[in-house]
Structure formats: structure tokens, C-alpha cells
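Thanks for coming. I will go through one chain today, starting from a single residue and working outwards. Please have the sequence and the structure open.

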Amino acid sequence: MISRVIRWGVLHVLVPYLRSTAASRQSLYSRWRGLRLEAEVRYAGGELIRAGSIDFQHPVSFSGTGKLVLGRNVTLGYWQAGSRANPIVLQPRQKASQIIIGDGTYIVNGCEFFAMASISI
């Protein structure tokens with residue numbers, strides 16, 4: 001009986017810690033995914049314009065030499081959506097191509113956008 005009380009006491013103390021580390025881990029993943037996107041854009045010879053905070057909840061893949069514009073409060077990916085294995089693919093293929101994702105937009109996992117001229121969401 002005493003061991004059960006002690007175990008619950010430890011769990012009771014650990015639950016808020018585990019929740020906070022999960023939130024910080026998600027924030028760390030979001031920052032990592034943002035840095036990875038910036039690196040992919042530079043490597044491909046494209047251009048990335050970020051107007052505000054972007055929440056990367058899922059991996060994003062970029063290729064092409066065009067421009068990607070991300071508005072304020074954009075969320076890329078959603079943890080409850082399907083296609084967990086498929087990244088969000090953004091491809092402004094030519095130098096004059098652009099993909100514009102406006103303020104407050106959510107893009108779910110596995111979406112693919114290929115622009116020869118322009119796409120605005």
C-alpha cells in the first residue's frame with residue numbers, strides 16, 4: 001500500500017514536468033524544422049520571406065528556385081492529421097514562380113504545392 005502511494009506521489013509530481021517538456025520538445029522541433037526549411041531554400045537557390053511567427057508541426061520539403069512567402073501565424077502540419085509519413089512539399093519551380101501562404105493559414109500533412117507561375121493560399 002505504501003509503495004502505491006509513493007508511486008502515485010512521484011507520478012503526480014512528474015506529470016506537469018512531462019507536459020512541460022513535451023511542449024518544449026515540440027517548440028524545439030518547430031525551430032529545427034524552420035531552420036531546415038531555410039537551409040533547403042538557400043541550397044535550392046530560392047527565396048524565403050517570413051512575415052511573422054510560423055509553427056512547424058510537420059516536416060516541410062522545399063525545392064525550386066522561386067519565392068516562398070509565409071504570412072503571420074501560419075501553421076504547417078497538424079498532429080492529428082493523416083499522412084504522418086509524408087512531408088508538406090512546396091515547389092516554386094522557376095525563378096519567377098511564387099507560393100504565397102497568407103496570414104492565419106493552416107496547411108495539413110502531406111499537401112503538395114507546385115507552382116510554375118503563382119499560387120496564393
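**Thr-75 and its surroundings**

Thr-75 is buried, with a relative accessible area of 7%. Keep in mind that this is a predicted model. Thr-75 sits in strand β5. What is Thr-75 in contact with, leaving aside its neighbours within four places in sequence? The list is Asp-55, Gln-57, Thr-105, Tyr-106 and Ile-107.

One name on that list, Asp-55, comes back when we look at pairing: the bridge partner of Asp-55 in β5 is Thr-75. Strands β2 and β5, the latter covering residues 74–76, run parallel and are joined by three bridges.

**The sheet**

Stepping back, β2 and β5 belong to an open sheet of three strands. The order is β2-β5-β8, and the pairing is parallel. Which strands are at the edges? They are β2, residues 54–56, and β8, residues 106–107, each of which pairs on one side only.

**Salt bridges**

Next, the charged side chains. As a reminder, side chains of opposite charge can pair when their charged atoms come close. How many salt bridges does the structure hold? There are three, and I will take them in turn.

The first on my list is between Arg-36 and Glu-40, with the closest N and O atoms 3.5 Å apart. Both residues are in helix α1, which spans residues 2–44; they are four residues apart, so about one helical turn separates them. Are these two buried or exposed? Arg-36 is partly exposed, at a relative accessible area of 42%. Glu-40, at 18%, is buried, because the cut-off for buried is under 20%.

Next is Arg-50 with Glu-38, where the side chains meet at 2.7 Å, N to O. Arg-50 lies in strand β1, residues 47–50, and Glu-38 lies in helix α1, so this pair ties together parts that are 12 residues apart in sequence. Arg-50 has 35% relative accessibility and counts as partly exposed. Glu-38 is partly exposed too, with a relative accessible area of 22%.

That leaves Asp-103 and Arg-72, whose closest N and O atoms are 3.4 Å apart. Where are they in the chain? Asp-103 is in the loop between β7, residues 98–101, and β8, while Arg-72 is in the loop between β4, residues 67–70, and β5. The two are 31 residues apart, and the pair links distant parts of the chain. Arg-72 is partly exposed, with a relative accessible area of 48%. Note that β5 and β8, named in describing these loops, are also strands of the open sheet.

**The chain as a whole**

Finally, the totals. The chain has one helix and 10 strands. Read along the sequence, the helix is followed by the strands, in the pattern α-β-β-β-β-β-β-β-β-β-β. Of the 121 residues in the chain, 31% are buried, and Thr-75 is one of the buried residues. Taking contacts in the chain with a separation of 6 or more, 42% are between residues 24 or more positions apart. The chain exposes about 7,800 Å², and carbon and sulfur atoms supply 59% of that area.

To recap the starting point: Thr-75 is in β5, it is the bridge partner of Asp-55, and its contacts include Tyr-106 and Ile-107. That is all I have.

Methods: Residues numbered from 1 in each chain as written. Predicted model: local features only at pLDDT ≥ 70, side-chain atom pairs only at ≥ 80, totals over all residues. Heavy atoms only, no water. Pairing = 2+ DSSP bridges. Buried < 20%, exposed > 50% of the residue type's maximum accessible area, 1.4 Å probe, protein only. Contact = heavy atoms within 4.5 Å. Areas by Shrake-Rupley, 256 points an atom, 1.4 Å probe, with all protein chains shown as cover. Salt bridge = Lys/Arg side-chain N within 4 Å of Asp/Glu carboxyl O.
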